[in-house]
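Hi everyone, thanks for coming. Let me put the model up on the screen, and then we can walk through it together.

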Amino acid sequence: MKNWRDFTSPSTCLRASLGYVPAVLAIALVGYAIIAGGFFVSLTSFALIYAIFVTGLNIFMGYAGQASFGQNAFAAIGGYTSAVLTTAYNVAPVPALFIGVVAAVLCAVLVGYPTLRLKGHYLAMATLAIGLIVYEITVEWQSVTNGYMGISGIPPLGIGSFEAATDREQLILLSVLVALCMGSAWLIRQSRFGRALVALSGSEDAARALGIDVARYKLAAFIVSAVYAAVAGSLFVHIVGFVSPEVFGLNMVILGFTMLYVGGIGTITGPLVGAIVINLLPEMIRGLKEYQDLVYGAALILILIYAPGGLAALGWSKRRSTSPATTTVELRGARTQS
Amino acid sequence: MNRLRVENLTRRFDGLVAIDDVSFTVPIEGVTAVIGPNGAGKTTLFNMISGFLPPSEGRIFFEDESVTGVAPERIAGRGLVRTFQLVQLFQSLTVLENVKVGRHVCTRAGLVAALTRPTWARREENETERRARELIDFVGLSEQSDARASVLPYGQQRLLEIARALAAEPKLLLLDEPAAGLNHDETDRLSRIIRRIGEHGTTVLLIEHDMKLVMNTADRLVVLNFGRKIAEGTPDEVQTNPEVIDAYLGGVEMLHG
Amino acid sequence: MTPGSGTILETQGLSARYGEVEALRAVDIAVTEGELVAVLGPNGAGKSTLLRSIMGLTNARGTVRFRGRTLPSRDPVAVARHGIVLVPEGRGIFGPMSVAENLQLGAYQIGGRGVEFERRRTRVLTLFPRLKERLGQAAGSMSGGEQQMLAVGRALMADPQLLLLDEPSLGLAPRVTAEILETLGQLNREGLSVVLVEQKAPLALKLARRAYIMANGHVTAAVDTAEIKSHEELARFYLA
Amino acid sequence: MADASYIGQTLIDGLSVGCIYGLIGIGFCVIYNASGIVNFAQGAFVMLGGMVTFVLLNTLGLPLVAAGALAVIAVAGLGVVIERLVVRPLWDRNATMFVMILATLAAQIMIERTTQILVGDQPKSIPLFTDLPPIRVAGISISYQTIWIIAVSLLLIGLLALFFQKTLVGRAMRACSINREAAALQGIPVSRMLALSFALSAALGAIGGILLTPTQFTAYNVGTPFAISGFIAAIVGGFGRPFGAFLGGIALGLAQALAVFALGSGLKNVAALSVLLVFLFFRPSGILGAAK
């Protein structure tokens, strides 16, 4: 994370260190939940699952600068594959998870390949559509998904004879997985691959001029984000033991974006911080739960308007120059310079 | 052999001819500049050479191989790298990372290597880092190497963009108005850097308005006006060419006549 | 031909930047009522930015006063409603729309109809008879010169107090340019105040009595055009 | 067993729902042309058209015509509110398209939830405009509502064509879509045009919703599928071409009807997505080619 920041002045250095505070607090909270157990555990479990989901979104959006509004589809594919395979076909959770991931990847290729070479709103709408389609399939394909009733009796996660049956074991397992997922995201960000993603989000033209196959890298990032979403979906059904179409609705997407913006888009720990804040807040404030989607929708809009870099970036990240004049000159440059 | 050969290149936009039957060659040695008044078609020419715009007619040869209609990223892979008129840095990357991205075509680690970090990939990354730091030194940005590109003053952004392009070890470097927006000192410095790039075996082709820079750095000039080539030659030859002066100032006969 | 006594337009400390590039650095100019002033200078000198900043199309700092009143910044619609019209570089005509529609939109502020509208339209079609033959044609299908005439004609439909022109000669053959500038001279003689930005100085110098020379975002000189006699003197500004 | 009249029936149904998709698609184009924004809250307007009409009918006991007209006005007003509160601030700061889409999507979710909280999540319906038995032509039964849908859609298309071709404001909106800066330089109030485009497209969506609700139903969450269908219609028609979008809507409606005919009704949105992907793959510029 260090080289993301500008360390030229002591004050930015101090503020950058302060940037670690939420992450440290988040990790401390997870630790506390593991030790204390009880009420915090299920809450923290959801937060951790969302952290994985949002980390995937972050790779596609925070790094590559693209947006997918259908990540819930991949979560649903992962979740339902796990649910169906483990309950109806007695497949073990881990292979089921892998099959779900493969299905999500295939779906991502099918949607991403034609749309990622086109202008952004095609991708946006195609991804939104895929979220809806998968939702409809989960409702309509009753013989497999049991429609609105959903599937229950999904076994807890386990490898071989070990089963993470207690809350605490599950939480420890999730913590390890979150660490793995975030570690992978960090490795990606530090690599040639990750740099190419951030580069194309900065300027597609410049990236192409330096030999980066932009369409291919976007597709790769889309697939990676789908993998994360599928893993999150699969973990979710194992932790809860139940799945229904509503679990992976459109509000999951909005929630994911809100977490990403609250935690800090493009950062490694942002998804974890955002997921924990957004999951804990409704529990802290009485009555918020019912209006949750409303509040988060409004919060997201306000953040987009007033803190486009995300709440975490408030105050210490230099904004990209998006002043009107810059855009004007770019327009003019495109049109009249020759 | 020459580095670049452009044959009868033409580009039309909705009936408007931006580049009209232009041919020229860029030799392997030295710095060649394309000059011409506003609207002469210089950037259109660059966009075609670098693959961002398909020509309507004509062909482009890079080291005697046709690159007409080849995608920009493939052209870059062959060793032809460009910069942009309005600096196009990767704003959220650091100075060092920007230059590292420039090494893209010289390296091959992908997603799997990123996650598994095999020895060869680590070695490759170390080499990338070393080369990137060298180039940052070369353009004099060592002190800012960990700063985000977006916080650099404009002059330094220009230099960074050039360092990033050099990281790809190009055989031919296309610079689109490198001095635009620079002050006199910065222009002087840039001109020295361009000379040194040219002396180190990289062919340089640049578009420029700043006459001072062109006269100081270019070995050869190609002059465009209304999309046509009206002159080419050494700076001295071109400077005294009446047609060139005319192109820059407009209808002289109207002043006198 | 005598210019009016008052100042119609005045800029003070007008500066603008595009990101990190300083395109306009503390520019002061003044235009007298009824005057035609040229702004000259090489490419990238900041001429277009000056006009755009006057219109409020940039994030410029500094003040622009129109007949003593400070114009709003960053609100081109409001500036246009003061009676200042810019014919932008590249003309900005509405290509897919007909010539007649383009002209009508120029008179948007008076509702695009009525006696006054007809009067203005007749005047524009008299000034540019070539447009009359092409009223129903898509504007984008006309030649560059005709498009430029339409752009000026459309600006005149707003009955401007002050006309700003950005490189009307760009991409045009000399004869067409001469025709357009001729009309411009006529309008100016009828009392219209004009600021003309040109890279091709001789054209502008023929019309203007006064010129500002710009380079690198600054006004480097304000000259009486009568003083620039030779080609060589001019060349100094450009190729030096 | 399927016979010719059954296919004919299917096509008529596809045509009528296609008209609605077309109206929504036009809504997308109108906003896109005025601002370059793709408004994902479009589906909420469709849902609200039916929903507000339902509420006005049942709480105030207004006649259908009055309730419908008020609903259209209210939804158009909401369109302007979204433009002012959500889109304009982002537009002023030159936000990226993704941010714009995300914000309008968040607005859509907020509208949905508010509706859910206010009227519950049970499906609602409004009475047929003309409650008479369907007309039978050559074995095909055509309901009066189908006739209403097609007739009103065609009327709206005609009015829109007149508006954009003949009125000064309509021409000014076209001018804004061609070159916003040049329009501003002529003193055309571009920001008001943006608000107007939201009002217009919200009204179109609402009318579509009102027309369709008697034959189907409306609930807080019906908007998004309609938005997607409308968007597909816009793409098939060549994004930014309002009348292309209408044709695209009809094409999509027919394709969907045939898919339902062949595969069963559960998969009609799957069919729509397939149409989208096929178009994106083979002809992203639409049937007629993209605008500009």
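Let's start with a term: the domain bounds I'll use come from an automatic or database domain assignment. On that basis, chain B splits into domain 1 (1-79 + 170-257) and domain 2 (90-168). Taken over C-alpha atoms, the centres of domain 1 and domain 2 of chain B are 27 Å apart.

Before going further, some housekeeping. What you see is a predicted model, where local features need pLDDT of at least 70 and side-chain atom pairs count only at pLDDT 80 or more, while totals for chains, interfaces and linings use all residues. Residues are numbered from 1 along each chain as its sequence is written, and chains are lettered from A and ligands numbered from 1 in the order in which they are written.

Now, how many residues does each domain of chain B bring to their contact? Domain 1 of chain B gives eleven and domain 2 of chain B gives nine, with two residues counted as in contact if their C-beta atoms, placed from the backbone, lie within 7 Å. On the domain 1 side, helix 2 (72-78) and helix 7 (184-199) of chain B each supply two or more residues; helices here are DSSP runs of H or I, at least four residues, numbered from the N terminus. Helix 7 of chain B has the largest share, four residues. That side of domain 1 of chain B has eight nonpolar residues, two polar and one charged, where Ala, Val, Leu, Ile, Met, Phe, Trp, Tyr, Cys and Pro count as nonpolar, Asp, Glu, Lys and Arg as charged, and the others, Gly among them, as polar.

Finally, the two chains: 34 residues of chain A touch 44 of chain B. On the chain A side, helix 9 (192-202) is one of the elements giving two or more residues, and helix 9 of chain A makes the largest contribution, with eight.
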